[in-house]
Amino acid sequence: MAEADAMNAAGAVEPRDVPSGETVLRLSDIELGFGGVKAINKVSFEVRKGEILAIIGPNGAGKSSMLNVINGFYKPQLGSITFKGETMRAMQPHHAAKNGIARTFQNIALFKGMSTLDNLMTGRMLKMKRNAFWQALYWGPAQREELVHREAVERIIDFLEIQAIRRTPVGRLPYGLQKRVELGRALAMEPDILLLDEPMAGMNVEEKEDMCRFVLEVNQEFGTTIVLIEHDMGVVMDISDRVVVLDHGVKIADGTPDQVRADQRVIDAYLGVSH
Amino acid sequence: MIYREAGQFKTSYAADQGIFPIRLDRMGMVALLLIAYLAIPAVANHYWLVSILVPFLVFSMAAIGLNILTGYAGQLSLGTGGFMACGAFAAYKLATAFPDLHIIIVLLLSGTITAAVGVLFGLPSLRIKGFYLAVATLAAQFFLIWMFNKFGWFNNYSPSGVISAPPMHLFGDIYITGPQSSPLVKYLFLLTFVAIMALAAKNLTRCKIGRSWMAIRDMDIAAEIIGIRPLWAKLSAFAVSSFYIGIAGATWAFIYTGSVEALAFDINRSFQVLFMIIIGGLGSILGSFLGAGFIVLLPIFLNNAPGLVGWHIPVDMLAHLEFMIFGALIIFFLIVEPHGLARLWTVAKEKLRLWPFPH
Ligand SMILES: Nc1ncnc2c1ncn2[C@@H]1O[C@H](COP(=O)(O)OP(=O)(O)OP(=O)(O)O)[C@@H](O)[C@H]1O
Ligand SMILES: [Mg+2]
């Protein structure tokens, strides 16, 4: 830890390059309320590079709110966020996107009128540099740029096995496929950290297995750090490296799946009650 | 020959990204251009050129503009008339203050001025949406028309408030505006100009900027986490849209009617263009043309068709009939097919593509 700090202080050549296993994102004493409701109450935890971190907890525990804090949708009233060595009061969505945080939503938030392909291409927005003038001309630099990104997007389409729905407006796709396209759009951003809000909710067993496979492969092959909210305990225990447990806006446990499973407070508050 | 995509394997993403990936569509486009450039000039009479084709092209330009804002970026606007007036008066001030400017420069500059005005009136869109934004653009509409009527500076203090296009050369001895201009020249010039502008619009809508507009339209929250700035996406849509609408207003005043007063661009004009994109198809460049054609042609059709089959409908009755048909069609398209004629056209093509084996 001290080593990493020293590196940052010395202004290392690539301050953004956090080595695997080190903390890439730290949330400290986050407090977030809506009117009288405390959605998050003094929660601190860290996300380590290259891991799969699960956030679990009963309904209304503040899990989704936590993701919203991480990518800048919600501004916490108290606390701070340290991301890639930089400490701030709150994230800005644009800043988060630019610095490699991508996410999916609990209630799918796709661009419904656009095709699968266009949804994924939109995910590469920040990587495209040609201005409106070149885009209006199209043939030339803008087309070359489109094609480079089209190829990248096609690799994701192959990876997620969604070739057949490339041209389909996503509003017409079944739920399970929409979730998959949303993952694809997040992957198109080539994120360092991927936030997944209940990616397997409402899926059948087969779809869940596919989704688990994708998440694991993304993590292993691209080294993408994954923060995942999931209700299915089997899935959580199987794929995550560490688990953070929230209950009524408070963190009640934090550790490996085995530690968390054995924790009496978790058993009382969560496992014992709702599952 | 049968309309098929089977057997046409696309060997590159470049081919797949084309505007007309299917060969027959490309041939259709070439045929359309041949008709527009060769057949129509050969057969069209003065009436067709002046009263149908020229206004059709001007309206198509306006419809493309509104479609960018409303169809692609999802920002409902009732200010189209006001922005057209803005383009018309900007062109008039430019052409009278700098008589040596070429018509194309005048058009592009008046589009640019209108784009700036559009951005200004687009600022409320950062805070308000849907119905409330429509009301804000309505305020822009009334304000602009009021302003052009109120201040004599805009019409060079003409007592009637009417502005008339000074005679302008296209090149050499050929006039595009004023009494010496010929309808055929106007038609061919507008055809070329609108075709190029439509192509540019198509290109924008299939590139990054177009996707940012649609993303804001479909799900602004998700757009933001991808890194799209709502401010930039919305204001760029207002700018590009107003650019097109401003040019449409300028060509209306200079090339279509030759002289015009601000009232020609009142709220009715805004609704007329809005109906065009609803009937033609929201979020479709092709639909902008179809809608413009439909609304230009329908009254003419209603005036003539009953006579051809021996019916004689009184004139006032015809006017009512026109309103009723428009009303019914708009309700139909809003409820049944929000993507308009353009969508019906694609569906028909999809059917044809699979025919005779549906699935
Ligand atoms: N935008 C908001 N406005 C008001 N209250 C909110 C808002 N977002 C979340 N809350 C409240 O914060 C609390 C935590 O909500 P959150 O969505 O984070 O829970 P969750 O753990 O994701 O639950 P679930 O498992 O049902 O998705 C809830 O009481 C919720 O009502
Ligand atoms: Mg939630």
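**Ligand 1 and the interface of chains A and B**

In this predicted model, a polar side-chain atom of K63(A) sits 2.8 Å from an oxygen atom of ligand 1. Another oxygen contact involves G60(A), where a polar backbone atom is 2.8 Å from an oxygen atom of the ligand. Y74(A) deals with a nitrogen instead: a polar side-chain atom of Y74(A) lies 3.0 Å from a nitrogen atom of ligand 1. On its own, ligand 1 has 630 Å² of accessible area, and the protein covers 64% of that (areas come from the Shrake-Rupley method with a 1.4 Å probe; for residues, only the protein chains shown count as cover).

As for the wider surroundings, 13 residues are around ligand 1, and G60(A), K63(A), S64(A), S65(A) and Q106(A) come nearest (near means that a heavy atom of the residue lies within 4 Å of the molecule). Helix α2 of chain A, residues 63-70, gives the largest share of this shell, three residues (helices are DSSP runs of H or I with at least four residues, strands are runs of E with at least two, and both are numbered from the N terminus). Sorted by class, the shell has four nonpolar, seven polar and two charged residues (Ala, Val, Leu, Ile, Met, Phe, Trp, Tyr, Cys and Pro count as nonpolar, Asp, Glu, Lys and Arg as charged, and the others, Gly among them, as polar).

Now for the two chains. Here 38 residues of chain A are in contact with 30 residues of chain B (contact means heavy atoms within 4.5 Å). Between them the chains bury about 3100 Å², with 63% of it on carbon and sulfur atoms (buried area is the accessible area, 1.4 Å probe, that two parts lose on being put together, summed over both). In chain A, F111(A), M125(A) and Q135(A) lose the most area to chain B, together 19% of what that side buries.

Three salt bridges cross the interface (a side-chain nitrogen of Lys or Arg within 4 Å of a carboxyl oxygen of Asp or Glu). R167(A) and D16(B) pair up in a salt bridge, at 2.7 Å from N to O.

Residues are numbered from 1 along each chain as its sequence is written, while chains are lettered from A and ligands numbered from 1 in the order in which they are written. Local features need pLDDT of at least 70 in this predicted model, side-chain atom pairs count only at pLDDT 80 or more, and totals for chains, interfaces and linings use all residues; side-chain values use heavy atoms, leaving out hydrogens and water.

Key
Polar contact = N/O pair within 3.5 Å; in protein donor to acceptor, adjacent residues only side chain to side chain.
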